[in-house]
Amino acid sequence: MRIEVMSSKIHRATVTDANLNYVGSITIDDKLIEAANLCEFQKVEILNVNNGERFSTYVIAGGKDGEICLNGAAARKVCVGDTVIIVAYASIKAKKAKDFKPTIVHVNAKNEIV
């Protein structure tokens with residue numbers, strides 16, 4: 001049997017931009033993508049701490065330091081300055097889940113890794 005577990009997350013990032021006129025996705029600083037073991041175009045769930053919204057989108061790499069930008073329809077679910085948790089999941093064998101350790105990246109208000 002396989003189960004889905006949290007594989008990685010960026011905890012309490014600050015939304016730096018919301019771009020309604022983009023096709024869709026979340027743009028994340030390259031350094032944060034690497035630190036969280038995320039892949040470009042990987043599906044992620046966004047948890048908005050400020051308003052309780054939970055929604056899925058996919059990752060695209062951003063070049064600006066600390067960038068967390070929600071694009072397209074997702075831009076309607078956040079405001080610049082909101083705190084979000086970005087979560088990725090993986091399907092693993094249930095037996096391995098007990099020993100699995102996800103990657104958790106904590107950031108400050110400027111989205112710098114702490």
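Which side chain makes a polar contact with the side chain of Asp82? In this predicted model, the partner is Asn48, at 2.9 Å. I will start with Asp82 and then go on to the core, Ser8 and the annotated residues.

Asp82 sits in the loop that runs between strand 6 and strand 7. Asp82 is buried, and it has no salt bridge. The nearest side chain of opposite charge belongs to Arg12, and that is 11 Å away. A salt bridge here would need a side-chain nitrogen of Lys or Arg within 4 Å of a carboxyl oxygen, so Arg12 does not qualify. As for the surroundings, setting aside neighbours within four places in sequence, Asp82 is in contact with Ala13, Thr14, Val15, Asn48, Asn50 and Asn51.

Next, the core. In soluble globular proteins, nonpolar side chains tend to be buried together. Here the largest nonpolar core has 22 residues. The members that touch the most other members are Ile10, Ile26, Ile28, Leu38, Ile68, Leu70 and Ile86. Two or more residues each come from strand 1 (2-14), strand 3 (25-29), helix 1 (30-35), strand 4 (43-48), strand 5 (54-62), strand 6 (68-71) and strand 7 (83-93). Strand 7 gives the most, with 3 residues.

Two of those core members are worth going through one at a time. Ile68 is in strand 6. Its relative accessibility is 0%, so Ile68 counts as buried. Beyond four places in sequence, Ile68 is in contact with Ala13, Thr14, Val15, Thr16, Asp17, Ile26, Thr27, Ile28, Leu32, Val84, Ile86 and Asn111. Take Val84 from that list: Ile68 and Val84 are 16 residues apart along the chain, and their C-alpha atoms are separated by 9.3 Å.

The other is Leu38. With neighbours up to four places away left out, Leu38 is in contact with Ser8, Ile10, Ile28, Ile33, Val44, Val59 and Ala88.

That brings in Ser8. Is Ser8 buried or exposed? Ser8 counts as buried because its relative accessibility is 2%, and the limit for buried is under 20%. Ser8 has its place in strand 1. A polar atom of the Ser8 side chain lies 3.0 Å from the backbone oxygen of Ala36. Apart from residues up to four places away in sequence, Ser8 touches Ala36, Asn37, Leu38, Ile86, Val87, Ala88, Pro102 and Thr103. There is also a C-alpha distance to give: Ser8 and Tyr89 are 81 residues apart along the chain, with their C-alpha atoms separated by 6.9 Å.

Now the annotated residues. An unreviewed UniProt entry carries the annotation "active site" on Ser25 and Tyr58. The two span 34 residues in sequence, yet their C-alpha atoms are no more than 4.9 Å apart, so they gather at one spot. From UniProt, again an unreviewed entry, comes the annotation "modified residue: Pyruvic acid (Ser)" on Ser25.

How do the two compare in burial? Ser25, in strand 3, counts as buried at 1% relative accessibility. Tyr58, in strand 5, is partly exposed, with a relative accessible area of 30%.

Their contacts, once more without neighbours within four places in sequence, are as follows. Ser25 touches Thr57, Tyr58, Ile60, Cys69, Leu70 and Asn71. Tyr58 is in contact with Gly24, Ser25, Ile26, Phe41, Gln42 and Lys43. Among these partners, Leu70 and Ile26 were named earlier as core members.

To close, two points from the walk-through. Asp82 is buried without a salt bridge, and its side chain has a polar contact with Asn48. Ser25 and Tyr58 carry the "active site" annotation in the unreviewed entry.

Methods: Residues are numbered from 1 along each chain as its sequence is written. This is a predicted model: local features need pLDDT of at least 70, side-chain atom pairs count only at pLDDT 80 or more; totals for chains, interfaces and linings use all residues. Side-chain values use heavy atoms; hydrogens and water are left out. A nonpolar core is a set of buried Ala, Val, Leu, Ile, Met, Phe, Trp, Tyr and Cys residues joined through side-chain atoms within 4.5 Å. Buried means under 20% relative accessible area, exposed over 50%, partly exposed in between (1.4 Å probe, protein chains only). Helices (H or I, at least four residues) and strands (E, at least two) are DSSP runs, numbered from the N terminus. Contact means heavy atoms within 4.5 Å. A polar contact is a pair of N or O atoms within 3.5 Å; within protein, one must be able to donate a hydrogen and the other to accept it, and residues adjacent in sequence count only if both atoms are side-chain atoms. Lys and Arg count as positive and Asp and Glu as negative; His and the chain ends are not counted. UniProt positions are given in the numbering used here, feature names are shortened, and annotations may be inferred rather than shown by experiment.
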